[in-house]
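Me: I'd like to learn how to read disulfides and buried helices in a model. Can you walk me through one?

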Amino acid sequence: MSELLFHGGAILNPRLKGARYALEPLEALLVRRGRIAATGRLSDLESLAPSAQKVHLEGHLLLPGFNDAHVHIWKVGQLRTTLLDLRGVASLAELYARVEERARMLKPGEWLWGRGWNEALLAEKAMPSRAALDRLAPQNPVLLTRTCAHIHAVNSQALELAGITPETHVPGGEIHYDQGILYETAYGLAFKAMGEPSQAQYELWVKAGCEYLRSLGITSATDPAVDPPLYAAYKALDERGELPIRVNLLYMRRPDGGTETFPLPEKHVSDYLRCDSVKFFADGGLSGATAAISRPYKTLEPPQYGILRFEDDHLFELALEAHQAGFRIGTHAIGDRALDQVLRVYQGLYQTAPGPRHRLEHFGLAGPEHLAKAKQLGIIAVPQPVFLRELRANYERYVPDEWFCRCFNLRAMFEAGLTVAFSSDGPVVRQVEPLNGLQAALFEPLCPGNQVSLEQAIWAYTMGGAVAQGDEGNRGSLEVDKWADFVLLEGDLHEAQSLRVAGTIVAGVIHA
């Protein structure tokens, strides 16, 4: 049926009028050929499309499909298919037991690859050791990525295959050789030693990730770190019509572990795949104390200040090429030193030439000066509300006390007048469900008073992501001619803890 008429539930359209966020109620909504054809009174739409198939919502809520503005889709799919999942382990003993079990399943020489450990949540409050990994997997190289993806534990065989010695140095990264811990860009040396995954593997992981996200009510998402082989896999899936949701890509300019720069990608814009944005990493992660800050982290000796990956001039040079070519830029920046740098660079870009609105991924330790500068430049903030729930223990452990209340202060971003796009950064966290992020934004700020309103949160999970992707004309709200991409929710909207996803609709096709 090419026409569907939705009615019989709460149909809510996120709106921003001036500085006021609202959920506009609609009585009925008509879909024709995968797009919204009309909204309004049920009787009027029945007259407009008398042959349309009526879909009674049975009291469910209908909203624009959720948009996760920063989620590593293929890595989410990888953890659901082939990667050893270490998220949620409570002790090194449990972690080591899982590694030993996986090692018994592998052939000699096969890489043992896992992800998800978090030392702040382990009983020992310590990272995996090289010696233990050597003992548990004597015939296999081991690479275990921390939950943040900025710190990695390896064994001796992995170090040898990666060509890493005690004298190895890599720009923008650190190597703690004796313990077998790689920081930031040093990861690229181990990843290269593993060998690039095949396109078929990438396609498997992308589809598994997209299908899972769709089950959570997500109809659009941004994969924020895509290299040429992964881009090729996405384009192949798009050409075959096999992408389950709509995907926006941030194409990496500088891979980890090297000094080469990927050329700007060929732009690609279709109904299901968009690539006209690029990605830079300015610093590390706050939960692992590698974000670049100007005050020392708590509990670390000697004093540590994180890692800044670029010099200003170098980042500006790379960003200017993309800016002048009309690419949106999304830059990972969390610590105050990184935010200072990226905002200086963005200001320099706009002083040189006009260009599209750029993004700040995470925006974790933004102070008043960062918020004001971002507003002045029209920068889009892309934070992760669920970090407030899952990474709270890390922030309590590492973030300087005087900065704790500005850590992922979502309310301050809205009050500064920024465009805010919510996301999960999965699989950095286990809970990539937008409803969990919604609950965290509403009820779980790090400090009292930093919560946001329901209307703000829903707008940031729908229209905010559309603006960040430069595609607000096609998605994000319930307006005529936009794609018929919706999420169906059951429960009381004003009791957010009760909400559940009842179905997802992409291009007018209902998925239970």
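Me: Which hand does the disulfide of C405 and C447 have?

Reply: A disulfide is a covalent bond between the sulfur atoms of two cysteines. This is a predicted model, and here the torsion about the S-S bond of C405 and C447 is about -85 degrees, so the disulfide is left-handed. The two sulfur atoms sit 2.0 Å apart.

Me: Where in the chain are the two partners?

Reply: They tie together distant parts of the chain, 42 residues apart. C405 lies in the loop between α13 (392-398) and α14 (410-415), while C447 lies in the loop between α15 (434-443) and α16 (454-460).

Me: Is C405 buried or exposed, and what about C447?

Reply: Buried means under 20% relative accessible area. C447 counts as buried at 7%, whereas C405 is partly exposed at 42%.

Me: Why is C275 not bonded to C210?

Reply: A disulfide needs sulfur atoms within 2.5 Å. The sulfur of C275 is 15 Å from its closest cysteine sulfur, in C210, so that is too far for a bond. C210 is in no disulfide. C210 is buried, at 0% relative accessible area, and C275 is buried with 0% too.

Me: On to helices: how many residues of α6 are buried?

Reply: Six of the eight, so to speak a mostly covered helix, spanning residues 187-194. Among the buried ones are Y187, L189 and F191.

Me: What do the buried residues of α6 pack against?

Reply: Their partners are the strands β10 (112-117), β11 (142-146), β12 (151-154), β13 (173-176) and β14 (181-184), plus helix α7 (199-215). Just past α6, G195 has a positive phi of about 95 degrees.

Methods
Residues numbered from 1 in each chain as written. Predicted model: local features only at pLDDT ≥ 70, side-chain atom pairs only at ≥ 80, totals over all residues. Heavy atoms only, no water. Buried < 20%, exposed > 50% of the residue type's maximum accessible area, 1.4 Å probe, protein only. Helix = DSSP H or I, 4+ residues; strand = E, 2+ residues; numbered from the N terminus. Contact = heavy atoms within 4.5 Å.
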